[in-house]
Each structure stands twice: as structure tokens, then as C-alpha cells.
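Q: Please take a close look at one part of this model, the topic of cavities and pockets. Explain each term as you go.

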Amino acid sequence: MTDSLSDIIARCDFLELTDSASLYPHNPGTGLALLQINTPKCQATLALNGAQLMRFTPTGGDELLWVSPQCNFSEGASLRGGIPLCLPWFGPHPSDSNQPNHGIARTQPWDLLAAHIDEQGRARLKLGLQHQADAQFAHDFNAELTLTLGDTPTLELALTNNSQSAFNASWVMHTYFAVSDISQVRIEGLDGREYADKVAGGARFTQSGPVTFAGEVDRVYEDIQLPVTIDDHNRRLQVAGDACPSVVTWNTGAELAAKVDDIGPGNHTGYVCVERGACLNDTWQVAAGETRRAQMSITLG
Ligand SMILES: O=P(O)(O)OC[C@H]1O[C@H](O)[C@H](O)[C@@H](O)[C@@H]1O
């Protein structure tokens, strides 16, 4: 039998159950339970809704992640900020436009399966989601997300096909990075690579130089094996992936931000999404009974 959430929290003095009303008092929503993680190395906040890391602050350092001032903290909502996990499809559903964008994992309650401090003083939390075949996704699967929170965060995904036949799964770890000003941000490491431009209906272009943000940018790069770097004037962050060949770069720009309820006018300047996963031509085929694994890590420098 697995331990309950309250058993794990009672055992782990670095975990504390809190809620969005306490941590985000000005945000909309009916309220959401949040888990606060405090260790000598970092302070972090996790929503069990979506297994979504909302905040990550290295001790003595600056916050890594952005949460929209309009993020709707409600059960079953998609939370605008932090690191949503889009799974088992990225973007619109491949065949049914009535299904939600970006899959079902980000709006489901996940179970906290285990938590401990490892020998290097990092908090490790394992979360799980069981899906039974239904109208949204016609295969049983089990997803596990393991967060390792030291001076920097690492996220590992394990996806197991529990059904009798293979399925396709596209997914990304959709990180909202806090930036000083989007107009100053450059994403390095994609020069010369082809991308699908979602702003241009998926037309393909070749990246020239770093990605910059003078308006809406929504691009998917495939088969990227090396880390990409976010240069934000004040700091540089590396986003590395193991078995995360796709990179998505996204910011609404001013015009679209004003139309998106949970972003709002002017709020696009504070974030850049640099996402890693497997989508478009990198989509996973997961055989019956197979487990696929991937890892994303974020480091300074
Ligand atoms: O509004 P959401 O469903 O959270 O999607 C937010 C964005 O996610 C990704 O970055 C996609 O590439 C964008 O096309 C999408 O607009």
C-alpha cells in the first residue's frame, strides 16, 4: 500500500501543505492546495494539480519560474506558469478538436508517491498519474514525474503503456521562465535549425542566429540534442534534455497577451517559454507494456 499525502508530509519536515490563497492572494480562482518545499538549497512550490512546479528559487538566488498574475488557481484548471506537463498530446488533439489543448495530465490531480532528501541534500519528489482508457485518450497509461530540487531543478518523466496496443504520445515540459524583459531575451543553440512556425500555420523556416521576441513567437524545433541557452541580459540559463529532442519557444507578444484571460495586457514581458519534449516528428511511439523515459534539467550559466 502506498503512503497517503498526509503520511508523506508528516514524515518530511521539508514539505508543508499550503494553498494558493496564501501564496497568490491576488490571483483569480476558487483556490488550490499547494505543496511548499523548503530545503537549505532551494525553496519551491508544487501544485499536485498537474504535478506542476510553480516556483523554484535557489537559496540566495533569483526566482527561475514565472507565474502569471492572472493564473487561475482552481481544481482542474490549466495553470499559467511554472512547468506544466503537456501529455499525452502537445497542442491540439491529433484527431478530435473537442479535446483540450495539450493533453490531460496538466489538469489532473497527481498523487505524491514518495519524497526524501537525497545524499546530496536535494529534495526528490515522485508523483504519479494513472489513466484508464476513455474518450479523451483510448489507452491505459501510467505517468511518473520525479523532481530533483537542488541548486537547480531536474524533471524526469517515465511513461508506461499499460494497454494491449501501441500508442503515440507527444509531450513537453512547458517551462515558463521568468525574464527581466522579453524584448531583451535571446535563445541560443538553435541557429541553422529548421522549425515549424505555428504563427504561420506550421510553415517551415530555418533559424538564423538566436531566437528573439519582437512579437508573437511560437516555434517547434525537432531533433535538438544539445542544451539551449536563454540569455536574459541579467542571467543565462541552460535547458538540457535527455530524450527531449523537441524544443518549443513561445511568447504571446503584446497583442495576443491582451486577449488571453490568464495572461493579460502587458504581462507577456515577464516570461519566455522554452519547452523540451517530443512532438511533431519526434513524437513517441510507445509499444504495449513499454516504458519510455526522458529528463530535462535547468542550470545557470
Ligand atoms: O494556452 P495553452 O493551451 O496553455 O497553450 C499555450 C501555448 O503552448 C505552446 O507553447 C504552444 O506552442 C502554443 O501554440 C500555445 O499557445
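A: To sort lining residues by class, Ala, Val, Leu, Ile, Met, Phe, Trp, Tyr, Cys and Pro count as nonpolar, Asp, Glu, Lys and Arg as charged, and the others, Gly among them, as polar. The model is predicted, so local features need pLDDT of at least 70 and side-chain atom pairs pLDDT 80 or more, while totals for chains, interfaces and linings use all residues. Residues are numbered from 1 along each chain as its sequence is written, and side-chain values use heavy atoms, without hydrogens and water.

Both kinds of space are found on a 1 Å grid over the protein atoms alone: in a cavity a 1.4 Å probe fits but cannot get out, and a pocket is an open set of points with protein on both sides within 12 Å along at least five of seven lines. Lining residues have an atom within 4 Å of a point. Points are joined across faces, edges and corners, and the volume is the space filled by probe spheres set on them.

There is one cavity of 30 Å³ or more. The largest cavity has a volume of about 50 Å³, and its lining consists of Gln52, Ser78, Leu79, Arg80, Pro84, Arg106, Tyr176 and Asp262. By class, these are three nonpolar, two polar and three charged residues.

Now the pockets. The largest has a volume of about 280 Å³. It is lined by 17 residues, and Trp89, Phe90, Pro92, Pro94 and Ser170 are the closest to its centre. That lining has ten nonpolar, six polar and one charged residues. The second largest pocket holds about 230 Å³ of space. Among its 15 lining residues, Asn101, His102, His174, Asp218 and Trp250 are the closest to the centre. Here the division is five nonpolar, five polar and five charged.

Those five central residues of the second largest pocket are also among the residues around the ligand, meaning those with a heavy atom within 4 Å of it. Others around the ligand include Phe90, named above for the largest pocket, and Arg80 and Arg106, which line the cavity.

Some polar contacts (pairs of N or O atoms within 3.5 Å) join side chains to the ligand. A side-chain N or O atom of asparagine 101 is 2.7 Å from a ligand oxygen atom. For histidine 174, a polar side-chain atom is 2.7 Å from an oxygen atom of the ligand. The corresponding distance for arginine 106 is 2.8 Å.

Definitions and conventions
A polar contact is a pair of N or O atoms within 3.5 Å; within protein, one must be able to donate a hydrogen and the other to accept it, and residues adjacent in sequence count only if both atoms are side-chain atoms.
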